[in-house]
Amino acid sequence: MPFNVPILLTWLRVALIPLVVGVFYLPPTWLPLQDRNLAATLVFIVAAVTDWFDGFLARRWNQTSAFGAFLDPVADKLMVAGALLVLVQLDRCNAILAFIIIGREITISALREWMAQIGASKSVAVNSIGKIKTVAQMTAIPALLYYDVLFGALDSRFWGEKLLWLASVLTVWSMFYYLKKAWPLIKERSGNLN
């Protein structure tokens, strides 16, 4: 396993996931709910920034590796799934939306792994729909973790819910896009699909 700064940042993101979840299990006497909301939001934002930064550094310093390419999306999916599960438990996120987002991540991860095994990973490379979905999702989650009025004017509950719905719609759209791109190869390899 290679060890460099980008991989260290990815491991840091993995380590931050339990903090986003765990802060909500602290006794109220230790940390009031509003402070827990703020702490979880800040930790999630730090984790999201490491997601961008580790990829940037890996490309800039030419430190990309097969292990990093494996670990990075796993860390992303764990971060999103952990936060969504907490939001469902706090009744800040519709369980169906969480299922759609997490289910899509599992489906596309499996599809990408299979496509990589047959040498066709470029067929399911990230596209603009997926990027917009990620931006909506990574803005919605901290907004719902914060769950209050920001700067006295911006209702993070309202915007977080709207952005999560948008992310869910784009999630389904991008999943069908990737499946459509992969379908000819799936059909060809299966031999029994018409």
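In this predicted model, F151 sits out in the open, with a relative accessible area of 77%. That counts as exposed because the figure is over 50%. F151 belongs to the loop that links strand 1 (149-150) to strand 2 (154-155). Its backbone is worth a look too: phi of F151 is near 55°, a positive value in a residue other than glycine.

D91 tells a similar kind of story elsewhere in the chain. Here phi is positive as well, at about 60°, although D91 is not a glycine. The residue falls in the loop between helix 3 (66-89) and helix 4 (95-117), and D91 is exposed, with 65% relative accessibility.

Helix 2 comes next. T41 lies in this helix, which spans residues 33-60. T41 has a relative accessible area of 7%, so it counts as buried, the cut-off being under 20%. What does the side chain of T41 reach? It gets to the backbone oxygen of N37, at 2.7 Å. Setting aside neighbours within four places in sequence, T41 is also in contact with P142, L145 and Y146.

L42 is in helix 2 as well, but its setting is not that of a buried residue: at 47% relative accessibility, L42 is partly exposed. L42 also helps to make a nonpolar surface patch of about 560 Å², together with L38, I45, V49, W52 and F53. So helix 2 holds both T41, which is buried, and L42, which is partly exposed and part of that patch.

Key: Residues are numbered from 1 along each chain as its sequence is written. This is a predicted model: local features need pLDDT of at least 70, side-chain atom pairs count only at pLDDT 80 or more; totals for chains, interfaces and linings use all residues. Side-chain values use heavy atoms; hydrogens and water are left out. Helices (H or I, at least four residues) and strands (E, at least two) are DSSP runs, numbered from the N terminus. Buried means under 20% relative accessible area, exposed over 50%, partly exposed in between (1.4 Å probe, protein chains only). A polar contact is a pair of N or O atoms within 3.5 Å; within protein, one must be able to donate a hydrogen and the other to accept it, and residues adjacent in sequence count only if both atoms are side-chain atoms. Contact means heavy atoms within 4.5 Å. Patches are made of residues with over 30% relative accessible area and no salt bridge: like charges are joined within 9 Å, nonpolar side chains (Val, Leu, Ile, Met, Phe, Trp, Tyr) within 5 Å. Accessible areas come from the Shrake-Rupley method with a 1.4 Å probe; for residues, only the protein chains shown count as cover. A salt bridge is a side-chain nitrogen of Lys or Arg within 4 Å of a carboxyl oxygen of Asp or Glu.
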